[in-house]
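Reader: I should like to learn how to read backbone features and nonpolar cores in a model. May we work through one together?

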Amino acid sequence: MMNMLNEKLSRIKLLLTDCDGVLTDGGVYYGEAGEEFKKFDIRDGMGVERLRNFAGVTTGIITGELSPSLIKRAEKLKITELHLGVKDKPAAFKEILNRLNLQPAEVAYIGDDTNDLEIMKLAGISACPADALSFVKEAANIVCDAKGGHGCFREFAEQIISSHQEIHNGHSEAAELTASSQQETKTRRTSSQTITLNSGNKIGPGEPCYIIAEIGINHNGSLEIAKQLIDEAVAAKATAVKFQKRTPEICVPKDQWNIMRDTPWGRITYIDYKRKTEFGIAEYATIDTYCKKQGIDWFVSTWDVEAVDFMERFDTPLYKLASASLTDFPLIKRILLTGKPLMLSTGMSTNKEIEDAVALVRSFDENYPLMIAHSTSAYPCKPEELNLKMIHTLGNRYPGVPIGYSGHETGLATTVAAVSMGATFVERHFTLDRAMWGSDHAASVEPQGFQRLVRDIHDVEIATGDGIKKVYESELGPMKRLRVNISEEYKENQKAETSSQKS
């Protein structure tokens, strides 16, 4: 049975918040022209998104501040209920309820100071950060453990989410997923077969092949190596780089944790080795900034639900589901809740397993932005097991879905062939040196090879043409020199050209 507090939280449809003292710690950074920006906690931003995705609860901001950085922050988080420079918060609260046709019991508020007291009394439930004024704490229904600007909003948001999930346990998962999808879509379908990413790049027939340099774990735990790989991918004119994100404690079976392994860090346990090859927030924040500066897309294959939660800190254009995860339905569902395009890889999978995964996506949203990659999960893969005709098979079986290729072979020609057979995106493992220590380097492509691969793919795309027979201008000279009988249409054209030149 739900207690009274959870019942109140489960009714919430809108969470309103103050800014300074809640979303920020009240610190303001000034430049010569005055206020420049405030520091926001990334956890609170994720709380806004999780409220929207997991509970269907929207967020609004009511503040007496006039902050340019707050406007930018709200825009990034897709918060449209933004009220700045408010002198009378209770009046603003009542206007919002009236306009949105909400009851006070359906609205929560989190504040920290004197001017929040009246609005806290009007809200169905109220909260404050740990460092709020003492009399504000006395008035609040919930006092968070976290301070303002240090995750208190996220803490309150998670309580709301938990209460919604508890009361809606009886609803079907498919219905919940569909509702969440309608709340948040980070991409748009421009046609039945083309997906436009939030980076502006497009994937689908008729678009340039989306070429992915998969760094994976070939960075060997080194941010500097990762940067070098990004630089080389940019030099090769790849469209994107891809990494892998795991939570080792979830992905590594416990019976393998203490197996000893020789590594560049010495002889250590397998779980410690896996931990050392995983990047954290600091590394991925650097990668995010670095890739944006270089003008290249970046994203990851997530291997567990917690990895998706982690990656939602970053606004990557899509998620890749590794072949090994095709049957991991909880992971697929978590990715679907982000609204980002999903690229399924089909190595080591039966037709039935592929169909079941696609059916899950379609049950969530018939038009969900989905891509399917043909793959064979052998490292390296023998040519006779590449089975590139599966690109046609998948295209015929799933019309309207962009089909691509994830290759693990050692050569380049077969990947180029995949594009000529209709692959709209391709992915190859990428390394600085195939002789480097690590499990994926041997089946990877080095920088010079990747440059050739990109060049050959684009040559094939250009050479493919449009399938309409024509005589090119460059052929007219050889025609006149070599052909005995020139057709009347070209004789007429020749006369017209001669007449035009004389005039």
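Author: The following turns treat the backbone and then the cores of this predicted model.

Reader: Which residues does a cis peptide bond join, and where do they lie?

Author: Such a bond is read from the omega angle. Here Tyr379 and Pro380 are joined by a cis peptide bond, with omega about -10°. Pro380 belongs to the loop between strand 19 (370-375) and helix 16 (390-397).

Reader: How should I read phi in Asn220, and is the residue buried or exposed?

Author: One notes the sign of phi and the residue type together. Asn220 is not a glycine, yet its phi is positive, about 55°. The residue sits in the loop between strand 12 (210-216) and helix 9 (223-235). With a relative accessible area of 16%, Asn220 counts as buried because the cut-off is under 20%.

Reader: What is the phi of Lys78, and where is the residue placed?

Author: Lys78, also a residue other than glycine, has a positive phi near 60°. Its place is the loop between helix 3 (68-76) and strand 5 (81-83). Lys78 is partly exposed, its relative accessible area being 45%.

Reader: Which residues touch the most other members of the largest nonpolar core?

Author: A core is read through the contacts among its members. This one has 64 residues, and Val241, Phe243, Tyr284, Trp298, Leu342 and Phe450 touch the most other members. Helix 15 (residues 351-364) supplies the largest share, 6 residues. Leaving aside residues up to four places away in sequence, Leu342 touches several residues, including Tyr319, Ile332, Val361 and Met371. Another core, of 29 residues, lies apart, with Cys19, Ile61, Leu70 and Phe156 among them.

Notes. Residues are numbered from 1 along each chain as its sequence is written. This is a predicted model: local features need pLDDT of at least 70, side-chain atom pairs count only at pLDDT 80 or more; totals for chains, interfaces and linings use all residues. Side-chain values use heavy atoms; hydrogens and water are left out. Helices (H or I, at least four residues) and strands (E, at least two) are DSSP runs, numbered from the N terminus. Buried means under 20% relative accessible area, exposed over 50%, partly exposed in between (1.4 Å probe, protein chains only). A nonpolar core is a set of buried Ala, Val, Leu, Ile, Met, Phe, Trp, Tyr and Cys residues joined through side-chain atoms within 4.5 Å. Contact means heavy atoms within 4.5 Å.
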